[in-house]
Amino acid sequence: YSLQNGVYEESAAAFITYAYFQVFLEQSFESGRQWVGFAKTLLEKSPNGTVTSRASFILYAMVNFWYVPLQESSNHMQEIEDMNFKFGDTENAYMAQCMRYKFLFFRGERLSTFSRKLETSLPLMARFSIGSARLSALDKEMIDALTGDKSSN
């Protein structure tokens, strides 16, 4: 639709979804990278708002991490988290925080540091975003099992 009728800020989500399918279904990483590029350019030119923050979340949480270092993906998640808190979109903010923690884990964050971050953020997460809290609680259990910490079990 966007390519035939004009590109709008909402089009970024469609381009990201198409990039996702290119990468994960077609195994076409170069085509996925091209559509990621289109989406990033569109998001950079769009005014900040809930539409662009949600599209950015999809972009950086589900596709772009294939093409950039995990620290960069983590940094983008922090920016998205901050932007969503500013707009009052706590659900998306906590989902971004949850994904940021996953990137930090896979990047090699010290498990004790990671565990403390989760311990600190879980109560607020549970208050505002039960889905994010459940995902992060599972991460916390995994970290505790890896470190042998039985205090929160």
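Does Gln-27 count as buried or exposed, and at what relative accessibility? In this predicted model, Gln-27 counts as exposed because its relative accessibility is 52%, and a residue is called exposed when that value is over 50%. The chain around Gln-27 has eight helices and zero strands, and the points below go from the whole chain to two helix contacts and then to single residues.

**The chain as a whole**

- Read from the N terminus on, the elements follow the order α-α-α-α-α-α-α-α, which fits the count of eight helices and zero strands.
- The C-alpha trace spans about 55 × 35 × 20 Å when it is taken along its principal axes.
- Of the 153 residues in the chain, 44% are buried, while the accessible surface comes to about 8600 Å², with 57% of that surface belonging to carbon and sulfur atoms.
- Among the contacts with a separation of 6 or more, 59% are accounted for by residues that lie 24 or more positions apart.

**Helix H5 against helix H6**

- The axes of helix H5 (residues 70–87) and helix H6 come within 8 Å of each other and cross at roughly 165 degrees.
- Because angles over 145 degrees count as roughly antiparallel, H5 and H6 are roughly antiparallel to each other, and the crossing in which H5 passes H6 is left-handed.
- On the H5 side, the residues that meet H6 include Leu-70, Met-77, Ile-80 and Phe-85, and on the H6 side the residues that meet H5 include Ala-93, Tyr-94, Phe-103 and Leu-104.
- Sorted by character, the residues of this contact of H5 with H6 are eleven nonpolar, eight polar and three charged.

**Helix H6 against helix H8**

- Helix H6 (residues 90–107) also has a contact with H8, and here the two axes come within 9 Å and cross at roughly 20 degrees.
- Since angles under 35 degrees count as roughly parallel, this crossing angle makes H6 roughly parallel to H8, and the crossing of H6 and H8 is left-handed.
- H6 contributes Glu-91, Tyr-94, Met-95, Cys-98, Lys-102 and Phe-105 to the contact, and H8 contributes Ser-132, Leu-135, Ser-136, Asp-139, Met-142, Ile-143 and Leu-146.
- The residues of the contact of H6 with H8 comprise eight nonpolar, two polar and three charged ones.
- Tyr-94 of H6 is named in the contact with H5 and is named again in the contact with H8.

**Two buried residues**

- Ser-132 lies in helix H8 (residues 130–147), and because its relative accessibility is 0%, where buried means under 20%, Ser-132 counts as buried.
- Leaving aside residues up to four places away in sequence, Ser-132 touches Glu-91, Tyr-94, Met-95, Cys-98 and Met-125.
- Ala-12 has its place in helix H2, and Ala-12 likewise counts as buried because its relative accessibility is 0%.
- Although Ala-12 and Ala-39 are 27 residues apart in sequence, their C-alpha atoms are 4.7 Å apart in space.
- With residues up to four places away in sequence again left out, Ala-12 touches Ala-39, Leu-42, Leu-43 and Ala-55.

**The exposed residue Gln-27**

- Gln-27 is located in the loop between helix H2 (11–24) and helix H3 (29–45).
- The backbone at Gln-27 has a positive phi of about 55 degrees, although Gln-27 is not a glycine.

Note on methods: Residues numbered from 1 in each chain as written. Predicted model: local features only at pLDDT ≥ 70, side-chain atom pairs only at ≥ 80, totals over all residues. Heavy atoms only, no water. Helix = DSSP H or I, 4+ residues; strand = E, 2+ residues; numbered from the N terminus. Buried < 20%, exposed > 50% of the residue type's maximum accessible area, 1.4 Å probe, protein only. Contact = heavy atoms within 4.5 Å. Axes fitted to C-alpha atoms, helices over the stretch in contact; angles between N-to-C directions. Parallel < 35°, antiparallel > 145°, perpendicular 65-115°, else oblique. Left-handed = near helix turned anticlockwise from the far one by under 90°. Nonpolar A, V, L, I, M, F, W, Y, C, P; charged D, E, K, R; others polar. Areas by Shrake-Rupley, 256 points an atom, 1.4 Å probe, with all protein chains shown as cover.
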